[in-house]
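Here's a walk through a protein model, going from the whole chain down to a few individual contacts. Keep the viewer open and follow along.

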Amino acid sequence: MPRLAETASAASPIPVSGAWATAAAFIAGCAVAVAGAVLQRRSAPAPPAAFSMLGGAGTVELKEVPEVLGRDTDPDCLRRRFEAMLRRGQASICKAIEDCDGEGKFKPDAWMREGGGGGISMVMAGGKVWEKAGVNLSVIYGMMPTETLVAARERQAGYAKDLKPGERVPFFACGLSCVMHPRNPHCPTMHFNYRYFETEAGDWWFGGGTDITPAYLDEDDMKHFHGTLKQVCDRHDPAYHAKFKKWADDYFVIKHRGETRGLGGIFYDDLNDRDPEIIFKFSEDCLNHVVAAYVPIIEKHKNDTFTEEQKQWQLMRRGRYVEFNLVYDRGTIFGLKTGIGRVESIMMTLPETARWEYNHQPAPGSEEDKVMQAFKTPRDWV
């Protein structure tokens with residue numbers, strides 16, 4: 001088991017966010033992203049967005065990107081290797097997205113947290129293909145309140161039985177989060193997050209997932225996306241795909257609408273049932289296939305023609321995306337209510353523009369109705 005002790009209406013489009021980062025917080029008083037993951041991971045399926053807002057209160061903006069965000073001096077320890085793996089993924093994914101976009105460029109935004117750790121946000125705004133895209137890395141360490149630790153361990157409460165109220169436990173959290181909102185209504189939004197968490201009390205786990213949110217349904221695209229994820233899962237455990245796909249379907253539900261946010265993918269959390277090196281390799285394989293699962297779909301559709309009506313439908317679906325993230329994403333809610341965290345990161349998931357039209361109902365048999373049926377009834381694509 002890895003140990004922390006190894007180191008020292010027909011309304012027009014409405015702007016909904018000038019800030020940017022994925023939604024999940026983790027610890028009260030330490031780092032918002034860590035808090036979100038805590039609240040998300042035990043009592044119900046948690047969102048894949050869990051470590052995008054790891055910047056806590058008291059963050060300092062940096063002029064240069066540091067070589068290492070964690071405090072470990074041993075480059076071979078799991079925490080350093082996980083950070084290095086995420087940084088390679090961040091770089092390769094940003095390059096693939098820039099190559100596909102043809103014009104847009106990611107701008108780095110590095111910060112350090114006074115309580116320990118920091119992050120590197122890579123954000124593209126105003127691209128040719130993507131209106132907004134972000135790939136954010138966070139590496140956070142510090143002290144976690146017992147009360148939050150107990151919440152994090154709801155299904156393993158025995159771990160915290162000897163801890164006293166108010167006692168604080170050293171923790172480490174590292175994650176890479178991404179949300180991409182394309183301009184073309186025929187190009188889907190994509191989100192992923194991969195993360196690792198541990199405490200000196202002996203608790204550790206991995207979490208992650210990749211999911212897709214189209215405005216229009218192309219069944220071949222969904223077969224490609226889900227098929228790619230299934231191939232990754234099957235290489236590691238034949239039971240993974242069915243389990244993790246259902247977890248994603250169950251989590252991304254907009255309950256007040258009776259529909260899902262998108263068309264799913266995979267999601268896993270609290271994964272610590274085997275050697276951590278084995279789960280590390282699975283997480284790395286998932287991250288390394290984000291581009292293969294997503295970019296061919298964008299290449300296929302980025303030059304598709306579309307009507308103004310189709311664009312308005314896309315903006316309405318973005319409105320649903322906003323509704324889910326602000327109403328149901330537990331990490332986002334925690335971060336905004338407590339005021340702990342880096343707001344630019346907390347709001348990363350939200351698109352620049354969205355639309356709400358009063359009591360809009362797609363015409364029966366229309367392409368909009370077709371995808372709505374898929375939102376209302378999740379299905380298997382492969």
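What follows starts with the overall make-up, then turns to a helix pair, some salt bridges and a few single residues.

First things first: this is a predicted model. The protein chain holds eleven helices and 13 strands. Of its 382 residues, 61% are buried. The accessible surface adds up to about 14,700 Å², and carbon and sulfur atoms account for 53% of that.

Now for how two of the helices sit against each other. Two packed helices are described by the angle between their axes and the distance between the axes. Take helix 4, which covers residues 219-236, and helix 6, which covers residues 276-288: their axes come within 10 Å and cross at roughly 165°. Angles over 145 degrees count as roughly antiparallel, so helix 4 and helix 6 are roughly antiparallel to each other. As for handedness, the crossing of helix 4 and helix 6 is right-handed.

On to the charged side chains. Side chains of opposite charge can pair when their charged atoms come close. How many salt bridges does a search of the whole structure find? The search turns up 24. One to look at is the pair Arg81 and Glu277, whose side chains meet with an N to O distance of 2.5 Å. This pair ties together distant parts of the chain, since Arg81 lies in helix 2 (residues 78-101) and Glu277 in helix 6, 196 residues apart. Both ends have some access to the outside: Arg81 is partly exposed at a relative accessible area of 25%, and Glu277 is partly exposed too, at 30%.

Stay on helix 2 for a more local contact. Arg87 makes a salt bridge with Glu83, and their closest N and O atoms are 3.1 Å apart. Why are Arg87 and Glu83 separated by about one helical turn? Because they are four residues apart in helix 2. Is Glu83 buried or exposed? Glu83 is buried, because its relative accessibility is 3% and the cut-off for buried is under 20%.

Helix 4 has a pair with that kind of spacing as well. Asp234 and Lys230 form a salt bridge, with 2.6 Å between the closest N and O atoms. Asp234 and Lys230 are four residues apart in helix 4, so about one helical turn separates them. Here Asp234 is partly exposed, with a relative accessible area of 33%, and Lys230 is partly exposed at 30%. Salt bridges can also join up into a network, as they do among Asp72, Arg79 and Glu198.

Next, look for a nonpolar spot on the outside. Leu326, Val327 and Leu336 form a nonpolar patch on the surface, and together they offer about 230 Å² of accessible area. Leu326 belongs to helix 8, which takes in residues 308-327. With a relative accessible area of 36%, Leu326 is partly exposed.

Finish with a residue on the inside. Ala248 sits in helix 5, made up of residues 240-251. Its relative accessibility is 1%, so Ala248 counts as buried. If you want a distance to check in the viewer, try Ala248 and Gly262: their C-alpha atoms are separated by 9.9 Å, with the two residues 14 apart along the chain.

Definitions and conventions
Residues are numbered from 1 along each chain as its sequence is written. This is a predicted model: local features need pLDDT of at least 70, side-chain atom pairs count only at pLDDT 80 or more; totals for chains, interfaces and linings use all residues. Side-chain values use heavy atoms; hydrogens and water are left out. Patches are made of residues with over 30% relative accessible area and no salt bridge: like charges are joined within 9 Å, nonpolar side chains (Val, Leu, Ile, Met, Phe, Trp, Tyr) within 5 Å. Accessible areas come from the Shrake-Rupley method with a 1.4 Å probe; for residues, only the protein chains shown count as cover. A salt bridge is a side-chain nitrogen of Lys or Arg within 4 Å of a carboxyl oxygen of Asp or Glu. Helices (H or I, at least four residues) and strands (E, at least two) are DSSP runs, numbered from the N terminus. Buried means under 20% relative accessible area, exposed over 50%, partly exposed in between (1.4 Å probe, protein chains only). Axes are lines fitted to C-alpha atoms, for helices over the stretch in contact, and angles run from 0 to 180 degrees between N-to-C directions. Angles under 35 degrees count as roughly parallel, over 145 as roughly antiparallel, 65 to 115 as roughly perpendicular and the rest as oblique. A crossing is left-handed if the near helix is turned anticlockwise from the far one by less than a right angle, and right-handed if clockwise.
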